[in-house]
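Visitor: Could you walk me through this structure, one piece at a time?
Guide: Gladly, let us look at it together.

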Amino acid sequence: MDLLPIIQKRCSCRRYDQTRTVERELIDKVLEAGRLAPSGKNTQPWHFYVITNAEKIKELGKAIEPGVIKDVPKMAGAAAEKGVSNIVFYDAPVIVNVSMNKKNSIDTRQMDIGLTVENMILMAETLGLGTLPVYNSKWYGQDLITQTCKIPEEEEFMLTLCIGYIDPAQPRTVRPRKELSQIATYVDL
Ligand SMILES: Cc1cc2nc3c(=O)[nH]c(=O)nc-3n(C[C@H](O)[C@H](O)[C@H](O)COP(=O)(O)O)c2cc1C
């Protein structure tokens, strides 16, 4: 399978099909892709806390949302405008809260999490699922997510990945990127 077209058509999903749940088999495939990601010294410092209870996900998002709105007041009313209950998890039917081990990943933690989450994002895309990486859940909901998922002291909750079928009524908009000539240089030696 050619990967580039998958990467080219992927975009973040903020409207999920509310009539569909995600099959456990597909969630497991996404997690499996995350499991196989490379990490510094092969420490594999991640743990994936999966929540599939759509009502609980809405509840968590609503509890976290006021913090986002306090910092970014223009987001007040955005949920209603977008037809979702909150602008944290956008009513995704599945969230994966990713934690990282504090001890054995200190130097490469930020890179390792990027690699495992990107593996999951691309796997989900090949399965016809939309995703959204969410940092607001850490920024404004660190304690809530840590308590809810019972994340142990030796781990730090870092990021949420929302997963779900894309609302078919929602057009997918691929955001622009810089040209390769702006970001890549062949170093002539
Ligand atoms: C580490 C990370 C954190 C992000 N956190 C949020 C977030 O909290 N809320 C949100 O709506 N989007 C979030 N995003 C999505 C970005 O806004 C989005 O990826 C970016 O604008 C590019 O758009 P695209 O994913 O559609 O290509 C995050 C993305 C990354 C990589």
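**Two helices and a sheet**

Guide: In this predicted model, a good place to begin is the contact of two helices, where Leu-60, Ala-63, Ile-64, Gly-67 and Val-68 in α3 meet Asn-136, Ser-137, Tyr-140, Gly-141, Leu-144 and Thr-148 in α6.

Visitor: What kinds of residues make up that contact of α3 with α6?
Guide: The residues of this contact divide into 6 nonpolar and 5 polar ones, with no charged residue among them.

Visitor: And at what angle do α3 and α6 pack?
Guide: Helix α3, residues 54-71, and helix α6, residues 136-149, pack at an angle of about 145 degrees, and their axes are 8 Å apart. The crossing in which α3 passes α6 is right-handed.

Visitor: Which strands does α6 lie across?
Guide: Helix α6 lies across β1, β2, β3 and β4, and its direction is at about 100 degrees to β4.

Visitor: OK, the sheet then. In what order do the strands come?
Guide: The 4 strands form an open sheet in the order β1-β2-β4-β3, and the pairing is antiparallel. Because β1 and β3 stand at the edges and have a single partner strand each, one side of each is left without a neighbour in the sheet. From one strand to the next, the twist averages 25 degrees.

Visitor: What holds strands together in a sheet, generally?
Guide: Strands of a sheet pair through backbone hydrogen bonds, and the pairing can be either parallel or antiparallel.

Visitor: How many bridges are there between β1 and β2?
Guide: Strand β1, residues 46-51, pairs with β2 in the antiparallel sense over 6 bridges. If you want to find this pairing in the picture, look for His-47, whose bridge partner in β2 is Ser-99, and for Ile-51, which stands opposite Ile-95 in β2.

Visitor: And on to β4, how many bridges link it with β2?
Guide: Strand β2 and strand β4, residues 155-165, pair over 8 bridges, in the antiparallel sense. Here Asn-97 stands opposite Thr-160 in β4, while Asn-101 stands opposite Glu-155 in β4.

Visitor: What about β3 and β4, how do they run?
Guide: Strands β3 and β4 run antiparallel and are joined by 6 bridges, and in this pairing Leu-132 stands opposite Cys-162 in β4.

Visitor: Are β2 and β4 mostly covered or mostly exposed?
Guide: Strand β2, residues 94-101, is mostly covered, with 7 of its 8 residues buried, and β4 is mostly covered as well, with 10 of its 11 residues buried.

Visitor: Switching topic, which residues surround the ligand?
Guide: The ligand is surrounded by Cys-11, Ser-12, Leu-132, Pro-133, Val-134, Tyr-135, Asn-136 and Arg-175. Strand β3, residues 129-134, gives the largest share of this shell, namely 3 residues. Sorted by class, the shell has 5 nonpolar, 2 polar and 1 charged residues.

Visitor: One last thing, where is Pro-93 found?
Guide: Pro-93 is found in the loop between α4, residues 78-82, and β2.

Visitor: Why does Pro-93 count as buried?
Guide: Pro-93 counts as buried because it has 24 C-beta neighbours inside 10 Å, and the cut-off for a buried residue is 20 or more.

Visitor: What is Pro-93 in contact with?
Guide: Leaving aside its neighbours within four places in sequence, Pro-93 is in contact with Tyr-16, Thr-21, Val-22, Thr-52, Ala-54 and Gly-164. Val-68, by comparison, is 25 residues from Pro-93 along the chain, and their C-alpha atoms are separated by 21 Å.

How values were computed: Residues are numbered from 1 along each chain as its sequence is written. This is a predicted model: local features need pLDDT of at least 70, side-chain atom pairs count only at pLDDT 80 or more; totals for chains, interfaces and linings use all residues. A residue is buried if 20 or more other C-beta atoms lie within 10 Å of its own, exposed if 12 or fewer, and partly exposed in between; C-beta atoms are placed from the backbone. Two strands pair if DSSP finds at least two bridges between them. A residue is near a molecule or strand if its C-beta atom, placed from the backbone, lies within 6 Å of it. Ala, Val, Leu, Ile, Met, Phe, Trp, Tyr, Cys and Pro count as nonpolar, Asp, Glu, Lys and Arg as charged, and the others, Gly among them, as polar. Axes are lines fitted to C-alpha atoms, for helices over the stretch in contact, and angles run from 0 to 180 degrees between N-to-C directions. A crossing is left-handed if the near helix is turned anticlockwise from the far one by less than a right angle, and right-handed if clockwise. Two residues are in contact if their C-beta atoms, placed from the backbone, lie within 7 Å.
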